[in-house]
Amino acid sequence: MKLVIHGKNIEITDAIREYVHQKIEKAVSHFQSLTNEVDVHLSVARNPRINTRQAAEVTIYANGSVIRAEESSENLYASIDLVADKIARQLRKYKERRQDHKTQPPPEEVVVVESVVKDLIGDRTPELPNEVVRTKYFSMPPMTLAEALEQLQLVGHDFYMFRNSETGEINVIYERNHGGYGVIHPRNANGSTNGKNGKATHANIVMPEKLHSSK
């Protein structure tokens, strides 16, 4: 198993590196057959208006799936303890789901399809961050909507980008503010979207507020 440790606003000392190896390797010890690579990101956010927060983020690449957990506290070692426990629970759930898929079909999930909104910004001015603070690269193998939903639940984010196996296009599945899930499809110049086998479909999705808000 490959374990990589990154740091932001913090020096990764030998003591920290040893502690991370000890805790994370113990957390994934029962899932070695599933785990290909573990990425650990440690950071300290310094803001004069708030207390210093020390965060530990763990991303595991497991047989084409991505499993993620993040915790923060005022103590880095405590954050590492918390995230190790959390990633172990995530891996346990992942393993149980894999076993369930082998014995029975996955349960149906509700995905809400809504009318397209032409103007997502309104009278607001689009804003972009002043600088890119972190860049990530991920392989994007084609997957079904059900598989993308499972990935969304594993990574712990409120949205997940994936390549739709039916259309070959990049889609985004997200958690709706009022419950359930939504899917964002790309729209062609003529206002249509590519459905199964390339056929046009007018099932468009409302962009979630948290993804396009300028706040």
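Hi everyone, let me start with a small detail: a polar atom of the S73 side chain lies 2.8 Å from the backbone oxygen of N75. Keep in mind that this is a predicted model. That serine has another partner too, since its side chain and that of S79 are joined by a polar contact of 2.9 Å. S73 itself sits in strand β4. Is S73 buried or exposed? With a relative accessibility of 13%, S73 counts as buried.

Now let's move along to the aromatic rings. How many aromatic pairs are there? The count comes to 1 aromatic pair. The partners are Y19 and Y77, arranged edge-to-face, with 4.8 Å from centre to centre and 80° between the planes. Y19 belongs to helix α1, residues 14-27, and Y77 to helix α2, residues 76-103, so this pair ties together parts that are 58 residues apart in sequence. Y77 is partly exposed, at a relative accessible area of 32%, whereas Y19 is listed among the buried residues of α1.

So let's look at α1 properly. Its 14 residues should span 20 Å at 1.5 Å a residue, and the end C-alpha atoms are indeed 20 Å apart, which agrees. Which residues of α1 are buried? They are I16, Y19, V20, I24 and A27. If you look down the axis of α1, these buried residues fall within an arc of 110°, so they line one face of the helix. Turned away from that buried side is a face carrying the exposed residues D14, E18 and K26.

That brings me to the core. In soluble globular proteins, nonpolar side chains tend to be buried together. Here the largest nonpolar core has 29 residues, and the members touching the most others are V20, I24, V40, L42, V58, I60 and I67. Where does this core come from? At least two residues each are supplied by β1 (2-8), α1, β2 (37-45), β3 (53-62), β4 (65-73) and α2. The largest share, 8 residues, comes from α2. Apart from this core lies another one, of 11 residues, including V66, M143, V155 and F162.

Before I stop, one more look at I24, from the buried face of α1. Which residues does I24 touch, leaving out those up to four places away in sequence? The answer is L3, V38, V40, V58 and A84. Two of those names, V40 and V58, are also on the list of core members that touch the most others. Thanks, and I'm happy to rotate the model if anyone wants another look!

How values were computed. Residues numbered from 1 in each chain as written. Predicted model: local features only at pLDDT ≥ 70, side-chain atom pairs only at ≥ 80, totals over all residues. Heavy atoms only, no water. Phe/Tyr/Trp six-rings, centres within 6.5 Å; stacked < 30°, edge-to-face > 60°. Helix = DSSP H or I, 4+ residues; strand = E, 2+ residues; numbered from the N terminus. Buried < 20%, exposed > 50% of the residue type's maximum accessible area, 1.4 Å probe, protein only. Expected span 1.5 Å × (residues − 1). Arc of directions from axis to C-beta. Core = buried A, V, L, I, M, F, W, Y, C linked by side-chain atoms within 4.5 Å. Contact = heavy atoms within 4.5 Å. Polar contact = N/O pair within 3.5 Å; in protein donor to acceptor, adjacent residues only side chain to side chain.
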